[in-house]
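Student: I would like to go through this structure by asking what justifies each label that is put on it. Could we look at it together?

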Amino acid sequence: MADLWSTMEIAAAAGETALQKTGALSLDAPAKLRLSAYVQQARQYYEAAIRAEPIAKPLLGYYFVLNTTKAYLTLRDHPSTVTPGIKHGIGQENGRLVGQYDFSQEHLQIQQDGVFHLLARSSGRGHVWSPGIMQISRLIPYLNESVDLYASAFNKRPSLIPIENTYIRASGKRPNRLAWLVVEVSRLALREADLSPRKLLDEAAAFAKSFDHVESDRDDVVKYESKPAVPYSAMPLALPGLREAFDRSLISRNRTLAHPRDNIVLSPHLGLLSAEALTFAVMLHLSNMVRYRPHHVEQLRGSSQWWLFTSWVDRACENFLLAMSSRISLEEHLIE
């Protein structure tokens, strides 16, 4: 636990991270106090969620996600706007709960602004949904921490294609050396999804914006490279172009021990949330169910969606913590 939280707690103590060193606003005294409070409360909720029963996990998990998000946003570039009273950004939508209850009736209400909007704009492609209604069951296939649980529950593939390997390739001589981010995908995984190497780019619009298909020197994998190349440096902090290519491609990274893997998001649309914003939205909705409609939660017990309460919350909290630690330190945090 101490290792998991070390980056966040060091940031809270110092009031500064790699983000400040690369241009984010410095924190004034009130912002530093809020940052420390966000981190300490996030850890309390995190540890409580792990010990809680399934019906309580989403509520505790959401307050962990909320406080961790506020800490990240405070450090990133919103030290004066992420105040304690800011709205969540997502509300309940109960107008569709009619007749016999089914999880497919669950919808959330996107509001005009709030923490959700700030997180979505500060991660991935910076996309945030317009105000309106969104069906929760449409989001579940994109939860990267639970590809195994989703496939088992619904007997179909999630909207994610697993990545075999991701690494940096450098070429040329200094001082003109260039670097690319390389993604390798198993040909078998593509065949199972009925995709060709180039059709994958048609079906994964965000990934295609950042990556081109290139020739592979291996028969068992298909290779993609980021575009354009960026000046090479042996120091990762000097490669913001590759970090941006990774982020904007919406490659969905599961950093936990539960099936750790990078995934390509399958969608022909560019208007998609980052993985962290998606987690925020689903966790908030599940917490609202627990708070305001416990009878509907009980109706899900033993159903094909019950894993969202029993397993997904724990995995998502761990992955969210690792993702936010990676973002504020500009270094990858993985459990191997």
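Student: Which residue is the bridge partner of Asp212 in E8?

Tutor: The bridge partner of Asp212 in E8 is Glu225. Before going further, note that this is a predicted model, in which local features need pLDDT of at least 70 and side-chain atom pairs count only at pLDDT 80 or more, while totals for chains, interfaces and linings use all residues. Residues are numbered from 1 along each chain as its sequence is written, and side-chain values use heavy atoms, with hydrogens and water left out.

Student: What makes E7 and E8 paired strands?

Tutor: Strands are DSSP runs of E with at least two residues, helices are runs of H or I with at least four, and both are numbered from the N terminus. Two strands pair if DSSP finds at least two bridges between them. Strand E7 (residues 211–214) and E8 have four bridges in the antiparallel sense, so the definition of pairing is met. The two form a hairpin, with six residues between them.

Student: Which strand is joined to E8 by five bridges?

Tutor: That is strand E6 (residues 178–186), which runs antiparallel to E8; within E8, Lys223 stands opposite Glu184.

Student: Why is E8 described as largely enclosed by the rest of the structure?

Tutor: Buried means under 20% relative accessible area, exposed means over 50%, and partly exposed lies in between, with a 1.4 Å probe and protein chains only. In strand E8 (residues 221–226), six of the six residues are buried, so the strand is largely enclosed by the rest of the structure. Both faces are covered, with Val221, Lys223 and Glu225 buried on one side and Val222, Tyr224 and Ser226 buried on the other. In a regular strand, side chains alternate between the two faces of the sheet.

Student: What makes the sheet E4-E11-E10 an open one with edges?

Tutor: Its three strands lie in the order E4-E11-E10 with antiparallel pairing. Strand E4 (160–162) and strand E10 (252–254) each have a single partner strand, so one side of each is left without a neighbour in the sheet. Neighbouring strands are turned by 30° against each other on average, direction ignored, where axes are lines fitted to C-alpha atoms, for helices over the stretch in contact, and angles run from 0 to 180 degrees between N-to-C directions. Between E4 and strand E11 (residues 261–265) there are three antiparallel bridges, and Leu160 stands opposite Val265 in E11.

Student: Why is the contact of Asp262 with Arg253 called a salt bridge?

Tutor: A salt bridge is a side-chain nitrogen of Lys or Arg within 4 Å of a carboxyl oxygen of Asp or Glu. For Asp262 and Arg253 the N to O distance is 2.6 Å, so the criterion is satisfied. Asp262, at 9% relative accessibility, counts as buried, and so does Arg253 at 15%. Both belong to a network of salt bridges that also includes Arg255 and Glu332.

Student: How do you know that Arg157 and Glu192 form a salt bridge between distant parts of the chain?

Tutor: Their side chains meet at 3.7 Å, N to O, and the residues are 35 apart, with Arg157 in the loop between helix H6 (147–154) and E4, and Glu192 in helix H7 (residues 187–192). Arg157 counts as partly exposed at 36% relative accessibility, whereas Glu192, at 52%, is exposed.
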